[in-house]
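Me: I would like to learn how to read a model of protein chains and DNA strands, one feature at a time. Could we begin with the protein surface beside the DNA?

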2 protein chains.
Amino acid sequence: MVQPELCPRFEQAVGMLSRRWNALIIFSLLGESQRFCTMTESIGISNRLLSERLKELEKDGIVTRNVYPETPVRIEYSLTEKGRALAPVMLEIQKWSEEWLPVQDTAAEDEQESPVR
Amino acid sequence: MVQPELCPRFEQAVGMLSRRWNALIIFSLLGESQRFCTMTESIGISNRLLSERLKELEKDGIVTRNVYPETPVRIEYSLTEKGRALAPVMLEIQKWSEEWLPVQDTAAEDEQESPVR
DNA sequence: CCCTCTCAGTTACGAATTGTAACCATCATA
DNA sequence: TATGATGGTTACAATTCGTAACTGAGAGGG
């Protein structure tokens, strides 16, 4: 709540991107538009938060909600131009992660060559 | 929590960068090493959280804690090579924010026109 | 010896955010 | 009328955050 000394717009951007799940939501929409239930599965976010985040991101002009009145109703979320403009940010995060983070698997799946038991 | 299908390393990177304050902490260390009290002031973070975050970031190999036993003791935090490698990410966030976020002052004006279209 | 000052944190605790699971509304078909 | 799919809401417990007060080490003053 204190006055920020850094660039206010940078802080605003970071505030949005740092909101939990937002970066993953945006990343998953970079490829193609997605439906609600697809996103909850691929991202691993709950309905409640996905709904909340999408509303916020729509309000921020980053995602668009497209309703197709088929049956059952199909609703697809996609990025606006402002949202797609975040692609370079995501790309740099990806590059960094590939260069600096270990491949580490989350265990419990293949523990073949590990002598530890 | 379900394990998502996106790239695990990307998700790990995003998890770290999305932790509240982390991006601002890293950004503020990109210039030069900083002392604890300087950071709380420039970032606007509380002692408690700064302390917590710096410990986590140190553990992640992103920041280093340097103790100078002067009087009173001086402790400076700086980025490791892994931490400095995040500079391009920060730069892209900054570029995006400058292109897409209004110059906003305290929440009064909402109806700015988009800069580039 | 006791008090005070600075820096660098810790601790305590109420407030806000998140995760989990159950529930709701609409449309369509059986 | 019942059931199933989609796209959410609601309720509530668990986690995290923000605020403010406190601790500890070392130097110096009285």
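Reply: Two ideas come first: helices (H or I, at least four residues) and strands (E, at least two) are DSSP runs, numbered from the N terminus, and a residue is near a molecule or strand if one of its heavy atoms lies within 4 Å of it. In this structure, α4 of chain A together with α3, α4 and β3 (74-79) of chain B each supply at least two residues of the surface near DNA strand C. The model is a predicted one, in which local features need pLDDT of at least 70, side-chain atom pairs count only at pLDDT 80 or more, and totals for chains, interfaces and linings use all residues. Residues are numbered from 1 along each chain as its sequence is written, chains are lettered from A and ligands numbered from 1 in the order in which they are written, and side-chain values use heavy atoms, with hydrogens and water left out.

Me: Which residues are the closest to DNA strand C?

Reply: Among the 22 residues that surround DNA strand C, the closest are A:L49, A:R53, A:T71, B:R65 and B:Y77. Of the atoms of this strand within 4 Å of the protein, 62% belong to sugar or phosphate, and the rest belong to bases.

Me: Which polar side-chain atom lies 3.0 Å from a base oxygen of DNA strand C?

Reply: A polar contact is a pair of N or O atoms within 3.5 Å; within protein, one must be able to donate a hydrogen and the other to accept it, and residues adjacent in sequence count only if both atoms are side-chain atoms. Here, a polar side-chain atom of A:R48 lies 3.0 Å from a base oxygen of DNA strand C. A phosphate oxygen of DNA strand C is found 2.9 Å from a polar backbone atom of B:I75.

Me: What is 2.9 Å from a base oxygen of DNA strand D?

Reply: An N or O atom in the side chain of B:R48 is 2.9 Å from a base oxygen of DNA strand D, while a polar backbone atom of A:I75 is 2.8 Å from a phosphate oxygen of that strand. The elements that give two or more residues to the surface near DNA strand D are α3 (36-44), α4 (47-59) and β3 (74-79) of chain A, together with α4 (47-59) of chain B.

Me: How are the two protein chains placed with respect to each other?

Reply: Copies are superposed by least squares on the C-alpha atoms of residues with pLDDT of at least 70 in both. A turn of 180° and a shift of 0.0 Å along the axis lay chain B on chain A with an RMSD of 0.1 Å. The two copies are thus related as by a two-fold rotation axis, and of the residues of chain B, B:S18 comes closest to that axis, at 2.0 Å (C-alpha).

Me: How many residues does each chain give to the contact?

Reply: With contact meaning heavy atoms within 4.5 Å, chain B gives 41 residues and chain A gives 40 residues. Of the interface residues of chain B, 93% are also interface residues in chain A, so the copies meet through the same surface.

Me: What area is buried between chain B and chain A?

Reply: Buried area is the accessible area (1.4 Å probe) that two parts lose on being put together, summed over both. Between chain B and chain A the area is about 4200 Å², with carbon and sulfur atoms giving 71% of it. In chain B, the residues B:R9, B:F10 and B:W96 lose the most area to chain A, together 19% of what that side buries.
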